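Please walk me through this structure in the viewer. Tell me what to select at each stop, and what is there.

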Amino acid sequence: MVFSSIVFLFLFLPGVLTIYYGLLRGRQARNIFLLLASLVFYAWGEPVYVLLMIASFMGNYVFGLWVHAYREQKQVSHIVITVMLIYNLGILGVFKYLGFAIGIINNMFQMDLAVPHLTLPIGISFYTFQGISYVIDIYRRDAEPLTNPLDVGLYIALFMQLVAGPIVRFKTVAKQIYGRCENESDFVKGIGRFIEGLAVKVLLANNFALLADTAFSLEGYRLSVMLAWMGAVAYGLQIFFDFSGYSAMAIGLANMFGFHFEENFNVPYISRTISEFWRRWHISLGTWFRDNVYIPLGGSRVSKWKVVRNLFVVWFLTGLWHGANWTFLVWGLYFFFFIMLEKIFGLEGYFAKYRALGHLYVIVVVLFGWVLFRANSITHAFEYIQSMLGMNGNAAVGDEAIFYFREYVILFMIGIISCLPLKKWVLERHMNWMGPAVSYTYPVVMAVLLLFSIAYLVKGSYNPFIYFNF
């Protein structure tokens, strides 16, 4: 089930809210109901893999108790952490990477091992990292273990963030499992965030997806330079509005039930360096790797070459986390290369001085990175980049490019403007004279956006979700 579906909007969500607020009162009863609702939400698309989900949270419940019991004994607690990582990453590895690994072995050693064709459980990368977070936060004394396994299930399987994040650290919500306080203010705020996310997902991301899919489906010689760049920009906007929209919906839904998740995006396209871009994009994933990989390796408080090593490990794993494909690995190492250069040569200070140059540098590097991310293979990515550079014998401007430019120019303008921190600019700098107008017009704008979004969904238009693949 997805948030931007008629079933969720008119059946699942109203039903869950009605039972949660209308029939249940005690915290334990509401928690158990939310867990059951979350399992139904997940089972809607993949009923078999609900068992895998249960195995995940039950296993991490046990590991949490063990690491808490033995955390004064470092050697034993380290063994528990090691076994926990093998358990969680083993499940992830079998379903996500086994076929990829066997394919590599067959190619390298000219073998003919059978490649298993396992369906990738939706959101397995997200909930696996949350399970690991649960045990590690207990080990580090950032939170106490939950005594009821169903509460661990609620943390890992909570439907708001279950299938596409954000990755919610256990220490962030540990006290909210029982100590949250549902109130009208949070509920209304949550409705607004949900509609904002739904609108950018349905009205922007889905429409940019049509152009991106068209451009990336064409062969190099048929793809003019102009259309190649338009396709890359369209995909850059699609993935931003797709994922940030889903994150906003998740945060809004959490507010409706009294939970508070941390933000996952912070206007990344205004960045002046690649390092800054990744501090603003998918913040929960970057924070997870920083706290659990980069800092334990020594972070930036080591020699310059060890910093490079640490960055390499983080970005290799970041690429691998996104999928079992060479494109993702190269994509991760591609961004490692630029972040390494920024760290070694101190480019952050340079681009802070020459801001326009920094913005241009980030946009160009990120767009080429998105080509790697979107392409079906490394060969496809290089062919597409060659088309962007006019190296495939392709025309600079073709009839298709002109047609799509006329069709999408307004949408591109809206999309680019929506990448700017307009909401923050209005609220922080002009609240004195724009505040009253915003307070009156905001509910009307939200109602209109909701109606347009529902109309789009009722029409049965294209409605993909990029990050469901992870």
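Start by selecting I274. Beyond its neighbours within four places in sequence, I274 is in contact with F335, F338, I339, E342, Y361, V362, V365 and V366. Keep in mind throughout that this is a predicted model.

**The core**

I274 is also among the residues with the most contacts inside the largest nonpolar core. Add the others on that list: F3, F8, F159, F257, W278 and W370. The core as a whole has 140 residues. Which helix gives the most to this core? Select residues 225-256: helix 11 does, with 18 residues.

**Helix 11 and helix 18**

Stay on helix 11 and add helix 18, residues 378-388. Their axes come within 7 Å and cross at roughly 120°. An angle of that size falls outside the parallel, antiparallel and perpendicular ranges, so helix 11 is oblique to helix 18. Show side chains at the meeting point. Helix 11 brings V225, L227, A228, W229, G231 and A232. Helix 18 answers with Y384, S387 and M388. Of the residues in this contact, seven are nonpolar, two are polar and none is charged.

**Helix 4 and helix 6**

Next, select residues 74-96 for helix 4 and residues 124-139 for helix 6. How do their axes cross? They come within 10 Å of each other and cross at roughly 180°. Angles over 145 degrees count as roughly antiparallel, so helix 4 is roughly antiparallel to helix 6. On helix 4, light up S77, H78, I81, M84, L85, N88, L89, I91, L92, F95 and K96. On helix 6, the partners are I124, S125, T128, I132, V135, I136 and Y139. Colour them by class: twelve are nonpolar, five polar and one charged.

**Helix 7**

Move to residues 149-157, which form helix 7. Is helix 7 largely enclosed or largely open? Seven of its nine residues are buried, so helix 7 is largely enclosed by the rest of the structure. The buried ones are D151, V152, G153, L154, Y155, I156 and A157. Now show what covers them. The cover includes helix 2 (27-43), helix 3 (50-69), helix 6, helix 8 (170-173) and helix 9 (176-179).

**Two positive phi angles**

Most residues other than glycine have a negative phi. Two stops here go the other way.

- Select R141, in the loop between helix 6 and helix 7. Its phi is near 65°, a positive value. R141 is partly exposed, at 46% relative accessibility.
- Select V267, in the loop between helix 11 and helix 12 (274-280). Its phi is near 35°, again positive. V267 is buried, with a relative accessible area of 18%.

**Cysteines**

How many disulfides does a search of the whole structure find? Zero. Two cysteines are still worth a click. C181 is exposed, with a relative accessible area of 53%. C419 is buried, at 7%.

**A long-range pair**

Finish with V448, found in helix 21 (residues 431-458). Is V448 buried or partly exposed? At 38% relative accessibility, V448 counts as partly exposed. Then draw a distance from V448 to I136, C-alpha to C-alpha. The two residues lie 312 residues apart along the chain, and their C-alpha atoms are separated by 44 Å. I136 is a residue from an earlier stop: it belongs to the helix 6 side of the contact with helix 4.

How values were computed
Residues numbered from 1 in each chain as written. Predicted model: local features only at pLDDT ≥ 70, side-chain atom pairs only at ≥ 80, totals over all residues. Heavy atoms only, no water. Axes fitted to C-alpha atoms, helices over the stretch in contact; angles between N-to-C directions. Helix = DSSP H or I, 4+ residues; strand = E, 2+ residues; numbered from the N terminus. Parallel < 35°, antiparallel > 145°, perpendicular 65-115°, else oblique. Contact = heavy atoms within 4.5 Å. Nonpolar A, V, L, I, M, F, W, Y, C, P; charged D, E, K, R; others polar. Core = buried A, V, L, I, M, F, W, Y, C linked by side-chain atoms within 4.5 Å. Buried < 20%, exposed > 50% of the residue type's maximum accessible area, 1.4 Å probe, protein only. Disulfide = S-S within 2.5 Å.
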